[in-house]
Amino acid sequence: MSESTFELLQFPGTTLVILVPVVLTLGRIAGYRPPPLANSRALFAGLLAFFCGFAVDRVRHTKFGDWQSVEPYGFLALVICLWYVTARRVIADERRLVSLSDEMRAATKIQEAILPSSPPSLENVQIAVRYAPMTAVAGDLYDFPAAPSNCIAVFVADVMGHGVPAALVASMVKVAVSTQRGNDGEPARIIAGLNAVLCNEARMQYATAVYLCLDAVNRVGRYSTAAHPPPLLWRRGKQALEVLGAVGLLLGVRPNEAYDDSKFTFDVGDRLLLYTDGLLEAENAAGESFGDAALPTFIKEKQDLGAEQFVDLLLKKVLAWSGDGTRERQEDDITIMVIDFHHPATT
């Protein structure tokens, strides 16, 4: 290669050596400041070493491949600095991941603490509950608020969304339920009170809910719902499934929304099923929802099972329904509550 040709090839590199410092200097004078970057000093040192090596070789017109060249050493310095920056970021990410894992475990324990440790006990009523969050924490919530003697109050809610944000709102709803004790036995007023709290204290947060008060002596139930999936009552004597379909507006939309009470009767042997939409909307590979294709048949076929066995099998069934044949694929939080009405114990 002739000397003139070599000098022509070197010209772009020499131009770069001149322009880079000029551009950086003008940018500094103009007030440009690069955005904050973790380990920026190490990264800058590597880039500076590489540029200096490149600049020295361009100025000296050192041929590529000559081991007396400084540029390879500058490039080595850049690689070392990049490795250092990468290692620091990996370590920092690992620490953040450990911290987040600890926080999620703490959040899980807190959420478990706000759920009832066990259902209320009544001699002629058996209650079984299964709670299956999609992630470590969930927006589903259930409770058994204080109720008059021989009655059971039941509350089930589902906050829109998943994970920590939904769990935080669910915790607030739990506290709000406890503030409605003056409305014992009046589901509509309790739901309206919860709606007012959500509208005023957690704007743009929405939830569905159902509140029931069951009189086990007179076998009468009162309930009010806020866009929640309807309770299902299996009437054993009639071998018929009744949908308790009264529906109110979603919680969190309008602060002064009015809700209505609805009544129903039940008999010995009947079974009441409460749940969140994760049970209904689970889909199989063919796109069929569990609520439409399998739930009514399951309730009828498994009516002879006790409440605990029934709810266990139902949860396994819906999780298998939404699987792909090799693993379960839960796509929403699931809460299932079964209430069986029995004959009072006789002596």
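**View 1. Strand β3 and the burial of its residues in the predicted model.** In this model, which is predicted, strand β3 spans residues 151-159 and is mostly covered, since 9 of its 9 residues are buried. Cys 151, Ala 153, Phe 155, Ala 157 and Val 159 point one way from the strand, while Ile 152, Val 154, Val 156 and Asp 158 point the other way, and all of these residues are buried.

**View 2. The pairing of β3 with β2 and with β4.** Strand β2, made of residues 140-143, pairs with β3 in the antiparallel sense, and 4 bridges connect the two. Within this pairing, Asp 140 has Asp 158 of β3 as its bridge partner; Asp 158 is also one of the buried residues of β3. Strand β4, residues 207-215, likewise runs antiparallel to β3, to which it is joined by 9 bridges. In that pairing, Ile 152 is found opposite Leu 214 of β4.

**View 3. Tyr 211 and its surroundings.** Tyr 211 has its place in strand β4, the strand that is joined to β3 by 9 bridges. Its relative accessibility is 1%, and because residues under 20% count as buried, Tyr 211 is counted among the buried ones. Leaving aside residues up to four places away in sequence, Tyr 211 touches Ala 153, Val 154 and Phe 155, which belong to the buried residues of β3. The other residues that Tyr 211 touches are Pro 145, Ala 146, Pro 187, Ile 190, Ile 191, Arg 222, Tyr 223 and Ser 224. Although Phe 144 lies 67 residues away from Tyr 211 along the chain, the C-alpha atoms of these two residues are separated by 9.6 Å.

**View 4. The packing of helix α4 against helix α5.** Helix α4, residues 163-178, and helix α5, residues 187-201, pack with their axes 10 Å apart and at an angle of about 135 degrees. The two helices are therefore oblique to each other, and α4 passes α5 in a right-handed crossing. On the side of α4, the contact is made by Val 169, Met 172, Val 173, Ala 176 and Val 177, which meet Leu 194, Val 197, Leu 198 and Glu 201 of α5. Sorted by character, the residues of this contact comprise 8 nonpolar, no polar and 1 charged.

**View 5. An open sheet of 5 strands, with helix α9 lying across part of it.** The strands of this open sheet follow the order β1-β10-β9-β6-β7, and their pairing is antiparallel. At the edges stand β1, residues 125-132, and β7, residues 240-243, each of which pairs on one side only. From one strand to the next, the twist averages 15 degrees. Strand β1 runs antiparallel to strand β10, residues 334-341, and 8 bridges join the two; in β10, Val 338 is the bridge partner of Ala 128. Helix α9, residues 307-321, lies across β1, β9 (271-275) and β10, and it runs at about 25 degrees to β1.

**View 6. The protein chain as a setting for the close-ups.** The secondary structure of the chain comes to 9 helices and 10 strands, and 41% of its 347 residues count as buried. Among contacts between residues at least 6 apart in sequence, 71% join residues that are at least 24 apart.

Note on methods. Residues numbered from 1 in each chain as written. Predicted model: local features only at pLDDT ≥ 70, side-chain atom pairs only at ≥ 80, totals over all residues. Heavy atoms only, no water. Buried < 20%, exposed > 50% of the residue type's maximum accessible area, 1.4 Å probe, protein only. Pairing = 2+ DSSP bridges. Axes fitted to C-alpha atoms, helices over the stretch in contact; angles between N-to-C directions. Parallel < 35°, antiparallel > 145°, perpendicular 65-115°, else oblique. Left-handed = near helix turned anticlockwise from the far one by under 90°. Contact = heavy atoms within 4.5 Å. Nonpolar A, V, L, I, M, F, W, Y, C, P; charged D, E, K, R; others polar.
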